[in-house]
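Visitor: I am new to this structure and would love a close look at one part of it. Could you take me through how its helices pack against one another, and what sits around them?

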Amino acid sequence: MPGICRQRHDYLEGKAMSSSQEAMNTEETPMDGWNELPWNKIERRTFKLQKRIYRASQRGDVKTVHKLQKLLLTSWSAKCLAGRRVTQDNQGKKTAGVDGVKILTPHARLFLVTILKLGEKPSPTRRVWIPKPGKKDEQRALGIPTIYDRAVQTLMKLALEPEWEAKFEPNRYGLRPGRSCHDAIQAIFNEVRLKPKYVLDADIAKCFDCINHSALLKKLSTTPTINRQIKAWLKAGVMDNGELFPTEEGTPQGSLCKALHNPPYAKQVTMQRNVREPWILGHFQLNSFA
């Protein structure tokens, strides 16, 4: 692991912060502690910037979208929000990556925010096997990134999400903010409640395990900086029982990469399905939750 990563993880485990690291915090940095940060103002600033990205994407202004995304990725408010979601809000906040760090003090959270940036070489994900729901004999592999990598991924998600929200169809419900499986169920109910219809429940086998990296990066069609960072996450590898395995395809389940990468890829799969199969079923309503 590079020296800067070792320093970062050492501090998160309780060691002191050097003066050079303290100087990294340059943009509108408040002097208050973590618990005294103005969270309402931080959320408003981030949301306003996301709304500008959404509107630019709606009108097809790619240049403005990329410019605003670059601004958000360096925003102190967005970094604070990403750090809070990873270390306090998310359900897996106490799950450690390959570095073993899983619980941060308020002071360590503030330091984490000051060092968040794109371009760092990501650590491999830690593979954890869990029982597959409804299938006792099968297991599902989860890939758990380090806290630092999860925070950078969350920051990236804040920048990319509004761009793709403006492009998604209204009948897509999976991995989208403000939507859940209950919304998909309600949409199906509205389709079948007045007239008997067939409902086809289909699942893409090993969807996340077989995602093509090149196709995904091509579909994202984003800036070179974001493209390099996402490619680095995809190729970071996975650590299983102390052994490092390369990742030539797929995205790790249990990682924020899943929410970040699958929607654009699933949109492409949906578009291809709509082109090839309408003649099979005639008129049909497609509701997806992936």
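Guide: Here is a walk through the helix packing, followed by some residues around it.

A word on the model comes before the walk. This is a predicted model, in which local features need pLDDT of at least 70 and side-chain atom pairs count only at pLDDT 80 or more, while totals for chains, interfaces and linings use all residues. Residues are numbered from 1 along each chain as its sequence is written, and side-chain values use heavy atoms, with hydrogens and water left out.

The protein has 12 helices and four strands. Helices here are DSSP runs of H or I with at least four residues, strands are runs of E with at least two, and both are numbered from the N terminus. Of the 290 residues, 43% are buried (buried means under 20% relative accessible area, exposed over 50%, and partly exposed in between, with a 1.4 Å probe and protein chains only).

Two packed helices are described by the angle between their axes and the distance between the axes. The axes are lines fitted to C-alpha atoms, for helices over the stretch in contact, and the angles run from 0 to 180 degrees between N-to-C directions.

Let us begin with helix α5, residues 76-89, and helix α3, residues 39-58. Their axes are 8 Å apart and the packing angle is about 115°. That makes α3 roughly perpendicular to α5 (65 to 115 degrees counts as roughly perpendicular, under 35 as roughly parallel, over 145 as roughly antiparallel and the rest as oblique). The crossing of α3 past α5 is left-handed, a word used if the near helix is turned anticlockwise from the far one by less than a right angle, with right-handed used if clockwise. On the α3 side the contact is made by W39, I42, E43, R45 and T46, and on the α5 side by S77, A78, C80, L81 and R84; contact means heavy atoms within 4.5 Å. By class, this contact has five nonpolar, two polar and three charged residues (Ala, Val, Leu, Ile, Met, Phe, Trp, Tyr, Cys and Pro count as nonpolar, Asp, Glu, Lys and Arg as charged, and the others, Gly among them, as polar).

Helix α5 also packs with α7, their axes coming within 8 Å and crossing at roughly 125°. The two are therefore oblique to each other, and their crossing is right-handed. From α5 the contact uses A78, K79, A82, R85, V86 and T87, and from α7 it uses I147, R150, A151, T154, L155 and L158. Sorted by class, there are seven nonpolar, two polar and three charged residues.

Now follow α7, residues 147-165, to helix α4, residues 62-73. Here the axes come within 9 Å and cross at roughly 155°, and the pair is therefore roughly antiparallel. The crossing of α4 past α7 is right-handed. V65, Q69, L72 and L73 of α4 meet L155, M156, L158, A159, L160 and E163 of α7. This contact has eight nonpolar, one polar and one charged residues.

A loop residue joins the picture too. T222 lies in the loop between α9 and α10 and is buried, with a relative accessible area of 15%. Leaving aside neighbours within four places in sequence, T222 is in contact with H66, Q69, L160 and N227. T222 and H66 are 156 residues apart in sequence, yet 7.4 Å apart in space, C-alpha to C-alpha. In that loop between α9 (213-220) and α10 (224-234) you will also find S221, which has a positive phi of about 50° although it is not a glycine. Most residues other than glycine have a negative phi.

Finally, look at the aromatic rings. The whole structure holds two aromatic pairs (rings of Phe, Tyr and Trp, its six-membered ring, pair if their centres lie within 6.5 Å; planes under 30 degrees apart count as stacked, over 60 as edge-to-face and the rest as tilted). The W34 and W39 rings have centres 5.0 Å apart and planes at 70°, so this pair is edge-to-face. W34 is buried at 3% relative accessible area, and W39 is buried at 15%. The W164 and F168 rings have centres 6.2 Å apart and planes at 35°, so that pair is tilted. W164 is buried at 5%, and F168 is buried at 10%.
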